[in-house]
Amino acid sequence: MTSQQITTNVVRRTKLHSRKGFLLRVTDDLVEGSQDYDNDVYTTLQMASVAPGEVVIRGEVSNKYIGMDSNGNIVTYNSLLEDCIFKEHQHTNGYSSFESKPHSGWFLALTNDGKAKPGPKSARGHRAVEFLPSSV
């Protein structure tokens, strides 16, 4: 994806708790789950709105954006690209899911063992795509 001018608005410091029992963590080159609820500095995230219902997620310590490439792999980016924009869907159970804006139907998700689940293997309604945001 080519870089374009993307402006962020409101920024929230958050942790995302997966229904699979992990906190989402963003390191320099990896997006995965962590079960270290107390000491893992890579689980603190910054979520910023870019348009109504659309957000970008960045690791606070790694300073990397979460994105989804054209193959559906969940990857990290140094800069804010269109691949980093997710549509946030808020569910009545308090959880949220994050659907890739440029790759509709593909979601940010974690597997049962905490690895990033490829977009083509994710779907609305799966437990793997649901995250409970909590303010930090």
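Buried residues account for 48% of the 136 residues in the protein chain. These values come from a predicted model, and they are best read with that in mind. The secondary structure amounts to zero helices and 10 strands, so that the order of elements from the N terminus reads β-β-β-β-β-β-β-β-β-β. The radius of gyration of the protein chain is 13 Å, close to the 14 Å given by the globule rule for 136 residues, and the chain is therefore as compact as a globular protein of that length. Along the principal axes, the C-alpha trace spans about 35 × 30 × 30 Å. Among contacts with a separation of 6 or more, 51% join residues that are 24 or more positions apart.

The interior is a natural place to look next. The largest nonpolar core has 17 residues, and L16, L24, I57, I66, F98, L108 and F131 are those that touch the most other members. Strands β2, β4 (45-51), β5 and β6 each contribute at least two residues to this core. Apart from this core lies another one, of 10 residues, which includes I6, A48, Y77 and L80.

F98 deserves a closer look. Leaving aside residues up to four places away in sequence, F98 touches L16, M47, V55, I57, F86, K87, E88, W106, F107, L108, V129 and F131. Both F98 and F131 are buried. The structure also has one aromatic pair. The ring centres of F98 and F131 are 6.3 Å apart and their planes stand at 50 degrees, so the pair counts as tilted. This pair links distant parts of the chain, with F98 in strand β9 and F131 in strand β10, 33 residues apart.

Charged side chains add another set of links, with nine salt bridges in the structure. In one of them, R13 pairs with E60, and the closest N and O atoms are 2.7 Å apart. R13 belongs to strand β1 (residues 11-18), whereas E60 sits in the loop between β5 (54-59) and β6 (65-68), so this salt bridge ties together parts that are 47 residues apart in sequence. Both partners are partly exposed: the relative accessible area is 39% for R13 and 27% for E60.

A salt bridge also joins the side chains of E130 and R19, with an N to O distance of 2.6 Å. Here E130 lies in the loop between β9 (96-100) and β10 (131-135), and R19 in the loop between β1 and β2 (23-26), so the pair ties together parts that are 111 residues apart in sequence. E130 is buried, at a relative accessible area of 8%, while R19 is partly exposed at 27% relative accessibility. R19 has an aromatic neighbour as well: R19 lies over the face of Y95, at 5.0 Å from the ring centre.

The side chains of K101 and E54 form a further salt bridge, at 3.4 Å from N to O. K101 is in the loop between β9 and β10 and E54 in strand β5, so parts that are 47 residues apart in sequence are tied together by this pair. K101 is partly exposed, with a relative accessible area of 36%, whereas E54 is buried at 16%. Elsewhere, R25, E32 and D40 are linked in a network of salt bridges.

The loop that holds K101 offers one last point of interest. G105, like K101, is found in the loop between β9 and β10. With 32% relative accessibility, G105 counts as partly exposed. When residues up to four places away in sequence are not counted, G105 touches E99 and S122. G105 and P52 are 53 residues apart in sequence, and their C-alpha atoms are 18 Å apart in space.

Note on methods: Residues are numbered from 1 along each chain as its sequence is written. This is a predicted model: local features need pLDDT of at least 70, side-chain atom pairs count only at pLDDT 80 or more; totals for chains, interfaces and linings use all residues. Side-chain values use heavy atoms; hydrogens and water are left out. A salt bridge is a side-chain nitrogen of Lys or Arg within 4 Å of a carboxyl oxygen of Asp or Glu. Helices (H or I, at least four residues) and strands (E, at least two) are DSSP runs, numbered from the N terminus. Buried means under 20% relative accessible area, exposed over 50%, partly exposed in between (1.4 Å probe, protein chains only). Rings of Phe, Tyr and Trp (its six-membered ring) pair if their centres lie within 6.5 Å; planes under 30 degrees apart count as stacked, over 60 as edge-to-face and the rest as tilted. A charge sits over a ring if NZ of Lys or CZ of Arg is within 6 Å of the ring centre and within 35 degrees of the ring normal. A nonpolar core is a set of buried Ala, Val, Leu, Ile, Met, Phe, Trp, Tyr and Cys residues joined through side-chain atoms within 4.5 Å. Contact means heavy atoms within 4.5 Å. The radius of gyration is taken over C-alpha atoms; the globule rule is 2.2 Å times the number of residues to the power 0.38.
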